[in-house]
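Student: I would like to learn how to read a protein model one feature at a time. Could you take me through an example?

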Amino acid sequence: MSKRQENVLLSMWAVSLVATLGSLYFSEIRGYTPCELCWIQRIFMYPLVIIIGVAYVQKNVRIAATTLVFAVVGGCISLYHYGIQKLSFLADSAPSCGQVPCTGQYINWLGFITIPFLALIAFFLIAGMSLYLRKTIKEEN
């Protein structure tokens, strides 16, 4: 494994850790109750901290296929969640999300940054770095 691949793995781990700690901050410290879609996004983000952390210790860049799947699925959920928050035609047909509505916005920084947007950025970064690692693996072979 090259030093660049190692740094990419470390960066992926850092992004997943920051996203995980951020979601825990919003729910456990700020007291924001997560909606159902937020929980599903967490299901795809939280394991990445462990998966990528173990891959980094083992120097295993082949984990990129797995992280790509987690990031793409989680990112699609984040994109949909962000869409129902910001697009009225989607919000009108949004499913009921349990006790907390999925259309709610606990934060709305600069008029567009919401919690699902932050998750989407994290998933996007992880997916991009996963694709980069897959490319470097193919170039080595």
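Tutor: We shall go from the overall picture to single residues.

Student: Where is the confidence of the prediction lowest, and where is it highest?

Tutor: This is a predicted model, and the confidence comes as a value called pLDDT, given for each residue on a scale from 0 to 100. Here the mean pLDDT of the protein is 95, and 100% of its residues reach 70 or more. The lowest confidence is in helix 4, residues 88-91, with a mean of 88, whereas the highest is in helix 1, residues 3-29, at 98.

Student: How many helices and how many strands does the protein have?

Tutor: There are 5 helices and 0 strands, and the order of elements from the N terminus is therefore written α-α-α-α-α. Taken along the principal axes, the C-alpha atoms fill a box of roughly 50 × 30 × 25 Å. Of the 141 residues, 41% are buried.

Student: What can the contacts tell me about residues that lie at least 24 apart in sequence?

Tutor: One takes the contacts between residues at least 6 apart in sequence and asks what share of them joins residues at least 24 apart; in this protein the share is 75%. A good case to look at is Met129, which is found in helix 5. Leaving aside neighbours within four places in sequence, Met129 is in contact with Val8, Ser11, Met12 and Val15. Met129 and Val8 are 121 residues apart in sequence, yet their C-alpha atoms are 6.5 Å apart in space.

Student: Is Met129 buried or exposed?

Tutor: The relative accessible area of Met129 is 17%, and because buried means under 20%, Met129 counts as buried. Compare Ser11, one of the residues that Met129 contacts: Ser11 is found in helix 1 and is partly exposed, with a relative accessible area of 33%. Ser11 also gives another pair to look at, since Ser11 and Leu125 are 114 residues apart in sequence and 9.3 Å apart in space, C-alpha to C-alpha.

Student: How should I read a pair of aromatic rings?

Tutor: A pair of aromatic rings is described by the distance of the centres and the angle of the planes. In this structure the count comes to 7 aromatic pairs. One of them is Phe26 with Tyr32, a stacked pair with 5.9 Å from centre to centre and 15° between the planes. Both Phe26 and Tyr32 are buried. Phe26 also pairs with Trp109, and this pair is tilted, with 6.3 Å from centre to centre and 50° between the planes.

Student: Which parts of the protein does the pair of Phe26 and Trp109 tie together?

Tutor: Phe26 lies in helix 1 and Trp109 in the loop between helix 4 and helix 5, so the pair ties together parts that are 83 residues apart in sequence. Their surroundings can be compared as well, for Phe26 is buried at a relative accessible area of 9%, while Trp109 is partly exposed at 44%. Both residues belong to one aromatic cluster, which is formed by Tyr25, Phe26, Tyr32, Tyr106 and Trp109.

Student: What is the phi of Lys59, and where does Lys59 lie?

Tutor: Phi is one of the values to check along the backbone, and Lys59 has a positive phi of about 55° although it is not a glycine. Lys59 lies in the loop between helix 2 and helix 3 and is partly exposed, at 42% relative accessibility. Leu110 is another residue other than glycine with a positive phi, near 55°. Leu110 is found in the loop between helix 4 and helix 5, and at 74% relative accessibility Leu110 counts as exposed.

Student: Which residues does Arg62 touch?

Tutor: Not counting residues up to four places away in sequence, Arg62 touches Ile137 and Asn141. Arg62 lies in the loop between helix 2 and helix 3, and with 55% relative accessibility it counts as exposed. Arg62 and Arg134 are 72 residues apart in sequence, with 7.4 Å between their C-alpha atoms.

Student: And what can be said about the charges and the surface of the protein?

Tutor: The protein has 10 positive and 6 negative side chains, and the centres of these two sets lie 7 Å apart. The accessible surface comes to about 7,900 Å², of which 67% belongs to carbon and sulfur atoms.

Notes
Residues are numbered from 1 along each chain as its sequence is written. This is a predicted model: local features need pLDDT of at least 70, side-chain atom pairs count only at pLDDT 80 or more; totals for chains, interfaces and linings use all residues. Side-chain values use heavy atoms; hydrogens and water are left out. Helices (H or I, at least four residues) and strands (E, at least two) are DSSP runs, numbered from the N terminus. Buried means under 20% relative accessible area, exposed over 50%, partly exposed in between (1.4 Å probe, protein chains only). Contact means heavy atoms within 4.5 Å. Accessible areas come from the Shrake-Rupley method with a 1.4 Å probe; for residues, only the protein chains shown count as cover. Lys and Arg count as positive and Asp and Glu as negative; His and the chain ends are not counted. The place of a charge is taken as NZ of Lys, CZ of Arg, CG of Asp or CD of Glu. Rings of Phe, Tyr and Trp (its six-membered ring) pair if their centres lie within 6.5 Å; planes under 30 degrees apart count as stacked, over 60 as edge-to-face and the rest as tilted.
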